[in-house]
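Please look through the structure shown here, and then follow the text from its overall layout to its finer details.

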Amino acid sequence: MKPRDRLRIAMQKSGRLTEPALDLLNRCGLSFRQSRDKLFCFGEGEPVDLLLVRDDDIPGLIAQGVCDLGIVGRNVLNEFKGGAGDGAATLTEWRPLGFGRCRLSIAVPQEMPYGEPKDLHGLRIATSYPGLLAAWLREQGVDATILTLAGSVEIAPKLGTADVICDLVQSGGTLVANQLRETAVLLQSEAVLAGPEALPTDERGDMIELLLKRLEGVIQVRESRLLLLQTSRNALEAVTRLLPGGPQPTLLPVAGQPDQLMLQALCAGEVSWRQLEEIKKAGAREMFVLPVEKMLA
Ligand SMILES: Nc1ncnc2c1ncn2[C@@H]1O[C@H](COP(=O)(O)OP(=O)(O)OP(=O)(O)O)[C@@H](O)[C@H]1O
Ligand SMILES: O=P(O)(O)OC[C@H]1O[C@H](OP(=O)(O)OP(=O)(O)O)[C@H](O)[C@@H]1O
Ligand SMILES: [Mg+2]
């Protein structure tokens with residue numbers, strides 16, 4: 001293969017991961033010009049190009065050295081790593097990217113009794129992830145028949161072609177619509193930056209290190225929230241105990257109300273309505289959750 005001096009990243013051409021992956025790369029300061037066939041994006045400022053492909057092809061392209069990195073679901077990466085493809089064992093997850101979250105689960109017809117994995121013994125299981133399913137069944141000591149389907153796995157029990165399924169679940173809506181219920185989680189997945197275990201020894205290695213540093217900053221900021229609230233000094237301890245993880249909060253006086261304090265806390269991750277309601281019950285009021293745009297420690 002011809003040596004390359006530009007970094008090449010494989011990502012999904014059109015699907016759930018396309019927009020968030022492009023957005024993330026843009027936030028890392030990378031911008032691209034798309035070719036007319038929309039399969040290749042040339043990096044405008046930095047020597048980083050994109051190859052737009054079906055997500056299933058991404059691990060193979062990295063393993064073959066056609067691309068240096070890929071943005072792909074852990075489900076697809078691990079299914080490939082479990083296979084015997086050339087170079088599969090050397091692929092590694094460089095960084096989870098915090099989007100495309102879903103899980104690979106076993107789901108059974110709602111009326112079917114299920115207590116433990118052994119209940120799957122002798123059944124036919126439809127899936128698009130035969131490698132991950134086979135490994136899990138082996139671990140659980142279960143002997144079942146695996147039926148590999150490319151898609152629409154959830155209708156197999158209704159059609160009578162399988163007894164249960166092993167498929168991706170996010171909200172659970174697809175399972176409910178097909179009268180199925182989730183019984184076991186095999187893998188928690190999200191989009192990851194994947195690449196070979198060893199960095200290239202040329203400038204592409206330096207570029208990957210730079211990209212990883214930028215990703216670190218961008219993801220940290222994207223997942224941070226600034227929580228502002230007012231509390232009485234009496235309730236301060238109870239309120240502080242309920243704050244989501246992050247550095248120590250800052251306390252500010254409130255003009256004209258000596259028993260009141262303004263609290264400012266940087267939170268590492270979403271702050272849910274439920275958490276806000278709990279904090280309010282503990283005595284907080286005037287609460288605001290703000291996104292963080294840039295951070296310089
Ligand atoms: N319901 C979901 N919610 C969130 N993430 C999901 C969901 N379903 C799948 N994913 C994640 O997004 C990835 C891409 O999903 P998508 O449905 O776009 O793939 P696809 O149909 O296989 O696309 P392609 O045409 O590239 O083969 C999955 O491999 C998984 O990691
Ligand atoms: O738990 P839910 O939120 O319902 O999501 C799960 C569904 O999402 C994915 O399919 P997708 O919608 O991408 O369609 P596909 O069958 O064409 O892959 C996955 O294969 C499930 O069927
Ligand atoms: Mg696919």
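The C-alpha centres of domain 1 and domain 3 lie 38 Å apart in this model, which is predicted. To place these two domains along the protein chain, it helps to know the whole assignment, which gives domain 1 (7-100 + 190-221), domain 2 (102-189) and domain 3 (224-291). As the bounds show, domain 1 is written as two stretches, 7-100 and 190-221, while domain 2 is given as 102-189.

With the domains in mind, the reader can turn to the ligand. Ligand 1 is surrounded by 15 residues, and the closest of them are Gly-15, Arg-16, Asp-55, Gly-73 and Gln-170. Sorted by character, the shell around ligand 1 consists of seven polar, four nonpolar and four charged residues. Which domains supply the shell around ligand 1? Domain 1 (7-100 + 190-221) and domain 2 (102-189) each contribute at least three residues to this shell.

Another part of the structure to examine is an open sheet, in which four strands with antiparallel pairing follow the order E14-E15-E13-E16. At its edges lie strand E14 (250-253) and strand E16 (285-291), each of which pairs on one side only. From one strand to the next, the twist averages 20°.

Within this sheet, the pairing of two strands can be followed in detail. Strand E13 (residues 224-232) runs antiparallel to its partner E16, and five bridges join the pair. For a single pair of residues to find in the model, the reader may take Leu-227, which stands opposite Val-289 in E16.

Note on methods
Residues are numbered from 1 along each chain as its sequence is written. Chains are lettered from A and ligands numbered from 1 in the order in which they are written. This is a predicted model: local features need pLDDT of at least 70, side-chain atom pairs count only at pLDDT 80 or more; totals for chains, interfaces and linings use all residues. A residue is near a molecule or strand if its C-beta atom, placed from the backbone, lies within 6 Å of it. Ala, Val, Leu, Ile, Met, Phe, Trp, Tyr, Cys and Pro count as nonpolar, Asp, Glu, Lys and Arg as charged, and the others, Gly among them, as polar. Domain bounds come from an automatic or database domain assignment. Two strands pair if DSSP finds at least two bridges between them. Axes are lines fitted to C-alpha atoms, for helices over the stretch in contact, and angles run from 0 to 180 degrees between N-to-C directions.
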